[in-house]
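This report goes through selected local features of one protein chain. It begins with a single residue and its surroundings, then turns to backbone geometry, salt bridges, surface and confidence.

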Amino acid sequence: MNKLRHSFAFGASALVLATAATPAFAQDAVAKDDGANPEIVVTAQFREQRLQDTPLAISAVNAEMLEARSQTSVEQVAAQAPNVTLTPQGQQNGSGLIAFIRGVGQTDFNFALEPGVGIYVDDVYIPTLTGSLLDLMDLDRVEVLRGPQGTLSGRNAIGGSIKLFSTKPQGSGKGSIQATYGSLNRVEVRGFADMALADNLFMRVAGVSKNRDGFVKRLDYGLTHPGSGVPTNNTGGPELGTLGGQSYAAGKLSLRWLPTETVEVNISGDYTRDRSEAGASVLRYYNNASTTGDGVAWLPNTITGAPIAGNCAFVPYGENSCDTLTGYDRRYVSYATFADTRAVTPQAPFKPAIFTPQQWLDNYGVMGTIDIDLSDSLQLKSITAWRHYKSVWSQDVDNSPIANQQLRQTLINDQWSQELRLNGKIGDDAAFEYTLGGFYFKRDGTLTARVDLNYAGLDFLHGPDPTPANNKALFATGIWHVTDSFNVTGGVRQSWDSKDYVFQRHNPDGTLPGSCTAPPPAATFSTGVPNCLISGLNGSPASFDSKRFDWRIAMDYRFSPEFMAYAQVATGYRAGGVNPRPFFGPANGPLNQIKSFSPETLQSYEVGFKSDLFDRKLRLNVSAFYNDYKDIILTLSACPISPCLQPNNVGAADVKGFEIETLIKPTANFTLDGALSYIDFKYTALTGATAVTLNMVTPYTPKWKASFGAQYDFQNVLGGTLSARFDGAYQSHVYTEAVNYDRIVVSTTAPIVTNPAVPGVTARPGGGPLATVVASNRIDGYFVGNARLTWKEESEAPFSVSLEVQNVFNRYYFTSLYEQFASPGTISGAPSLPRTWAVTLKKAF
């Protein structure tokens, strides 16, 4: 750490000394040459700046690049962004995004936790992972800011920020419509229209509709395995349906009003309706005898009457499988029924529990931005927004008819935010630019769930848990143009957070759970007293309050029109909170899981340079960083007493790495782009008995990432341009849980008396033909290639046709895992789409 601080000090001193030794170059001295790399303007520092002039590590992608890469969803942007991981949450968490930047992020959708990466749409903050899996509809650009943005983006941008900016209405009278058809009956239509309603009033309408069949087949195990004794209630054949199917529609209406030369008003409203199937999920590991402590089978064999054990028979594919299924691609098979048909007993009187396999989302809001030029050197910006969403999703955790555990969850969010910024300039030639501002955010949300955990002897109603929260902040940033070539930037932000939580817990019939007749954990299966473990939780309140001061200082020096170097120190934080899922209440004394966790903090040291060389034919941007990361918040599913799913401050870490991005145009018709990143994550201290060890890393943090793209444009082909493009992306292995497991060999006949990672955890063996099975929450490294061929006519309103192939090499990999190998005895994964093709027709007007 001291060495890096010394390096930072040396780099900063070099920048200062260079002002006396190097001639000044104006930032606008770069003329645009034919065939040069395009300019991208960003607003990361509250004002318009060229990407190459901004002293931050930013990956910026404009609309043209998104279309060339066939990228229509926000998680696809991560493929080309170094040290950035964006992936869908998986069936367990519904419609949302897992986001990590430089080892900082979050995997849990719950309101009690905050994302570690700030996501913004037109400068409006999206406060949860749910609702952040956004379609890239009618965008001007995407900015991915790496490193803490505590003074710029504010709350919970400790890892970085992802900012989406919509195209503003221009009154141009232009528009486009495009239609796509492809594999899995993919049908997609999107378009926009831009028009003038008056000389100073413009409107833009954009919409998208996406539909695609599911790619994981849900099969009836009893019908596909006759003689197994697994019961079936299906009369329509072996196929129950699919998982991963998509049915999505969204629209946006934007108005831009220019009442005077000094005032601009932008108002927009958007609505998203998602009626997709439950997320794609397949079983990777099963080892559980499938009986409760009272000896009652979850699912009895129709032939023998004995409990049907969860084991390799229900794992369709992989080293833990002994499935005999034929006639299907077993990589994409699930035996999930989303039904718990266990017989009613005094301990489990609330059966059956049957859920619809769904992943639904209604997400809408309105926002308004007012820009006022108070003078030539003073501008005021107001950003006001209200948003609402309701997300409903189901999960069959064990992907089998046994019903080890399944959930149906409903998340409702209402939020209101207001931000004010005053931008000004002082001195000759605006030598000092500044921004003063304030931010207010208020959220009201509830989570309601039917939580059916047969493995834990629990089946209860969670919620609706109200979780009101608010954040207030005052901030300031300034840029001092010391010379035409040397700038010093500083920023501060004071934040106040508060959050309340009230636990609501009932039996599924609305009654309150009774008291346990035995102490935990034996009480889990106390016959005749269902859900006694959560007795006393109902109505229990919890709250959290904190305040935080963040700061940033940066220096940049332009050595020539082609080369700028910078150095900075910045801080950030992520708000703390209270464990939202206690399975043991206050009555259980030391086992009480109502626990708070503190905010996590980060201080980052970064140096880098940005260059446009050889008449701007070669763009090369490089950054190196060191992060002092403390009080790291991670959600743990491995605890000494099960069940457990709770956030903890696990410790501190030193994180360092580098990032390289390049854009090359050897000729006017040939474009190459690429990125390379490396991260070294090292825990330096651990807090409490969390089972995290010093050699582990945070989830979804690959040590290496690399990507490249190549595009060649053939001119004068049938009256147009034929563009051929290939994109490839690689990431090294990641772990999907805080406690990393590479390979744990588990006996299928002997109970786990001592879990190698968590002492005290026991599990019931599942038996079956395999003597051992292997548990892991590691996703191995993989490379994915995509190809696109587009012909576009030369015209003011061109017609184009494109053929794309995604996952060209048909790579089978997982985008997320849900690992619970100990007490539940299951591991499921979300497989990626196989190789797919699509044809798109587009007409501009």
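**Asp452 and its surroundings**

Asp452 is part of strand S25, which covers residues 432-453. The model is a predicted one. With a relative accessibility of 0%, Asp452 counts as buried, because the term applies under 20%. Its side chain and that of Lys351 are joined by a polar contact of 2.8 Å. The two side chains also meet in a salt bridge, at 2.8 Å from N to O. Lys351 lies in the loop between S20 and S21 while Asp452 lies in strand S25, so this pair ties together parts that are 101 residues apart in sequence. Lys351 is buried as well, with a relative accessible area of 10%.

Setting aside neighbours within four places in sequence, the contacts of Asp452 include Asp340, Lys351 and Ala353. Asn404, Gln405 and Gln406 are also among the residues in contact with Asp452, as are Leu458 and Asp459.

**Backbone geometry**

Most residues other than glycine have a negative phi, and most peptide bonds are trans. The following cases depart from that pattern.

The peptide bond from Lys351 to Pro352 is cis, with omega near 0°. Pro352 sits in the loop between strand S20 (339-340) and strand S21 (353-354). Lys351, on the other side of this bond, is the salt-bridge partner of Asp452. A cis peptide bond also joins Gly463 and Pro464, where omega is about 10°. Pro464 belongs to strand S26, residues 458-466.

Ala403 has a positive phi, near 70°, although the residue is not glycine. Ala403 is located in the loop between strand S23 (378-396) and strand S24 (405-426). Its relative accessibility is 2%, so Ala403 counts as buried. For Ala691, phi is likewise positive, near 75°. Ala691 is in the loop between strand S39 (670-686) and strand S40 (704-717). Ala691 is buried too, with a relative accessible area of 18%.

**Salt bridges**

The structure holds 51 salt bridges. Three of them are listed here.

| Salt bridge | N to O distance |
|---|---|
| Lys499 and Glu114 | 2.8 Å |
| Asp135 and Lys210 | 2.8 Å |
| Lys351 and Asp452 | 2.8 Å |

In the pair of Lys499 and Glu114, the closest N and O atoms are 2.8 Å apart. Lys499 lies in strand S28 (residues 486-502) and Glu114 in the loop between strand S6 (104-106) and strand S7 (117-121), so the bridge ties together parts that are 385 residues apart in sequence. Both Lys499 and Glu114 are buried.

Asp135 forms a salt bridge with Lys210, again with 2.8 Å between the closest N and O atoms. Asp135 is found in the loop between strand S8 (124-126) and strand S9 (139-146) and Lys210 in strand S13 (residues 201-212), so this pair ties together parts that are 75 residues apart in sequence. Asp135 and Lys210 are both buried.

The third pair, Lys351 and Asp452, was described above; Asp452 has a relative accessible area of 0%. Salt bridges that share partners join Asp135, Arg186, Glu188, Arg190, Lys210, Arg788 and Glu804 into one network.

**Nonpolar surface patch**

A nonpolar patch of about 940 Å² lies on the surface. The residues that make the patch include Ile177, Tyr181, Val187 and Val189. Leu789, Phe799 and Leu803 also take part, together with Trp837, Val839, Leu841 and Phe845.

At least two residues of the patch come from each of strand S11 (175-182), strand S12 (186-198), strand S47 (799-806) and strand S50 (836-844). S50 gives the most, with three residues. Tyr181, one of the patch residues, lies in strand S11. Tyr181 is partly exposed, with a relative accessible area of 41%.

**Confidence**

The protein averages a pLDDT of 90, and 93% of the residues score at least 70. Over residues 1-33, however, the pLDDT is below 50. This stretch has 52 contacts in the model beyond near neighbours in sequence. Over residues 754-761 the pLDDT also stays under 50. For residues 754-761 the model has 24 contacts beyond four places in sequence.

Technical notes
Residues are numbered from 1 along each chain as its sequence is written. This is a predicted model: local features need pLDDT of at least 70, side-chain atom pairs count only at pLDDT 80 or more; totals for chains, interfaces and linings use all residues. Side-chain values use heavy atoms; hydrogens and water are left out. pLDDT is the predictor's confidence in each residue, from 0 to 100. Contact means heavy atoms within 4.5 Å. Helices (H or I, at least four residues) and strands (E, at least two) are DSSP runs, numbered from the N terminus. Buried means under 20% relative accessible area, exposed over 50%, partly exposed in between (1.4 Å probe, protein chains only). A polar contact is a pair of N or O atoms within 3.5 Å; within protein, one must be able to donate a hydrogen and the other to accept it, and residues adjacent in sequence count only if both atoms are side-chain atoms. Patches are made of residues with over 30% relative accessible area and no salt bridge: like charges are joined within 9 Å, nonpolar side chains (Val, Leu, Ile, Met, Phe, Trp, Tyr) within 5 Å. Accessible areas come from the Shrake-Rupley method with a 1.4 Å probe; for residues, only the protein chains shown count as cover. A salt bridge is a side-chain nitrogen of Lys or Arg within 4 Å of a carboxyl oxygen of Asp or Glu.
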